[in-house]
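Grab a pencil and have the model open beside you. Try each task yourself before reading its solution.

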Amino acid sequence: MLAGNSGMAVRSDLKRLSYAVLFDGARENCPSAQWDERGYAASWVQNVMPGLPLAEIASDLAEGAGHELRRKLRAAHSSSALAINAFGSWRVTPRRFSLGSMTNFRSMRFSPFYERLKRTDCAWSDQLDRLRVDPTCYGLVDAAQLVKHAFGLRARYGAAAVRILYVYWEPLNAHRWDECGKHREDAEALARHVAGSSVSLVAMSYRELWSTWEAEHLEYLRRRYERPVHG
């Protein structure tokens with residue numbers, strides 16, 4: 001979510017209005033869900049698209065430390081719910097998934113667990129040092145979390161080439177919001193700074209990603225999430 005926490009504060013009206021339109025989308029597309037006034041469903045199952053392999057997804061999330069099932073995943077504006085709605089259809093059939101020219105995936109998980117984290121890559125280590133000096137240097141991008149993922153992937157896969165896909169939600173009229181343009185610029189800057197690493201970074205919006213897909217659930221995703229924010 002663009003409106004998530006980060007070093008640079010999102011303009012309060014953009015965050016509030018984004019949450020509101022995402023709540024509208026959830027209520028319209030999950031009509032049987034029970035919502036409270038803050039935009040939280042009674043259970044996380046009510047906040048995701050019907051037909052997903054819920055047992056496998058729940059097992060993945062239970063392994064993580066983010067307590068997603070108890071609270072975060074229940075929110076209409078949840079970035080985790082968006083990821084599950086977007087990718088969950090392929091959780092048990094990963095070979096049917098494609099990402100641009102990349103195909104023949106062998107597995108898909110929603111909560112990777114890294115047993116150890118250490119500084120093993122100069123490009124990402126440089127970014128960690130930069131963040132320690134200035135935690136806001138990448139603005140709305142949660143660069144610290146991406147550094148953590150990079151170290152974990154490097155520890156797990158060694159020198160093998162790995163890509164982190166940083167995919168984010170934007171309103172349909174993102175061009176009208178300065179914060180959206182700045183967020184995009186900062187994400188692209190981080191990707192450039194780690195381009196020489198074995199763990200590369202690809203940043204794109206969900207709308208850009210979906211434009212490359214031919215999937216049955218695209219109609220649901222676009223109907224629920226592709227919404228303008230006016231203010």
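Below are six exercises on this predicted model, each with a worked solution.

**Exercise 1. Find out how far to trust the model, and where to be careful.**

Step 1: Start with the average. The mean pLDDT of the chain is 88, and 89% of its residues reach 70 or more.

Step 2: Look for a weak stretch. Over residues 1-10, pLDDT stays under 50. The model still has 28 contacts beyond four places in sequence for residues 1-10.

Step 3: Decide what to do with such a stretch. Where pLDDT is low, the predicted coordinates should not be read in detail.

**Exercise 2. Sketch the overall layout of the chain.**

Step 1: Count the elements. You should get eight helices and two strands.

Step 2: Put them in order. Along the sequence, the pattern reads α-α-α-α-α-β-α-β-α-α.

Step 3: Ask how much is tucked away. The chain has 231 residues, and 48% of them count as buried. The accessible surface comes to about 12,300 Å², with 49% of that belonging to carbon and sulfur atoms.

Step 4: Check how the chain folds back on itself. Take the contacts between residues at least 6 apart in sequence: 68% of them join residues at least 24 apart.

**Exercise 3. Check the lengths of α4 and α6, then work out what α4 packs against.**

Step 1: Do α4 (122-133). The 12 residues of α4 should span 16 Å at 1.5 Å a residue, and the end C-alpha atoms are 17 Å apart, so the two agree.

Step 2: Repeat for α6. This helix covers residues 178-193, 16 residues in total, and reaches 23 Å from its first C-alpha to its last, close to the expected 22 Å.

Step 3: List the buried residues of α4. They are Ala 123, Trp 124, Ser 125, Gln 127, Leu 128 and Leu 131.

Step 4: Look at what sits against them. The buried residues of α4 pack against α5 (143-157), β1 (162-168), α6 and β2 (199-205).

Step 5: Turn to α6 itself. Its buried residues include Cys 180, His 183, Asp 186 and Leu 190.

**Exercise 4. Compare two settings for a salt bridge: one inside a helix, one between separate parts of the chain.**

Step 1: Recall the idea. Side chains of opposite charge can pair when their charged atoms come close. With a cut-off of 4 Å between the side-chain nitrogen and the carboxyl oxygen, the count comes to nine salt bridges.

Step 2: Take the pair inside a helix. Arg 27 forms a salt bridge with Asp 24, with the closest N and O atoms 2.6 Å apart. Both lie in helix α1 (residues 12-29), three residues apart, or about one turn of the helix.

Step 3: See why that spacing suits a pair. An α-helix has 3.6 residues a turn, so residues three or four places apart point the same way.

Step 4: Check exposure. Arg 27 is partly exposed at 40% relative accessible area, and Asp 24 is partly exposed at 31%.

Step 5: Now the other setting. Glu 170 and Arg 184 meet in a salt bridge at 2.9 Å, N to O. This pair links distant parts of the chain: Glu 170 is in the loop between β1 and α6, while Arg 184 is in helix α6, 14 residues apart.

**Exercise 5. Which residues are linked with Arg 184 in a network of salt bridges?**

Step 1: Find another partner. The side chains of Glu 208 and Arg 184 also meet in a salt bridge, at 2.9 Å, N to O. Here Glu 208 lies in helix α7 (residues 206-210), 24 residues from Arg 184 in α6.

Step 2: Join the pairs. Glu 170, Arg 184 and Glu 208 are linked in a network of salt bridges.

Step 3: Sort them by exposure. Glu 170 counts as buried, at 11% relative accessibility. Arg 184 at 22% counts as partly exposed, and so does Glu 208 at 32%.

**Exercise 6. Is Arg 91 buried or exposed, and what surrounds it?**

Step 1: Locate it. Arg 91 lies in the loop between α3 (79-87) and α4.

Step 2: Test it against the cut-off. Buried means under 20% relative accessible area, and Arg 91 has 10%, so Arg 91 is buried.

Step 3: Look around. Beyond four places in sequence, the contacts of Arg 91 include Pro 53, Glu 56, Asp 60 and Phe 110. Its side chain also reaches the backbone oxygen of Met 108 at 3.4 Å.

Technical notes. Residues are numbered from 1 along each chain as its sequence is written. This is a predicted model: local features need pLDDT of at least 70, side-chain atom pairs count only at pLDDT 80 or more; totals for chains, interfaces and linings use all residues. Side-chain values use heavy atoms; hydrogens and water are left out. Helices (H or I, at least four residues) and strands (E, at least two) are DSSP runs, numbered from the N terminus. Buried means under 20% relative accessible area, exposed over 50%, partly exposed in between (1.4 Å probe, protein chains only). A polar contact is a pair of N or O atoms within 3.5 Å; within protein, one must be able to donate a hydrogen and the other to accept it, and residues adjacent in sequence count only if both atoms are side-chain atoms. Contact means heavy atoms within 4.5 Å. pLDDT is the predictor's confidence in each residue, from 0 to 100. The expected span of a helix is 1.5 Å times one less than its number of residues. Accessible areas come from the Shrake-Rupley method with a 1.4 Å probe; for residues, only the protein chains shown count as cover.
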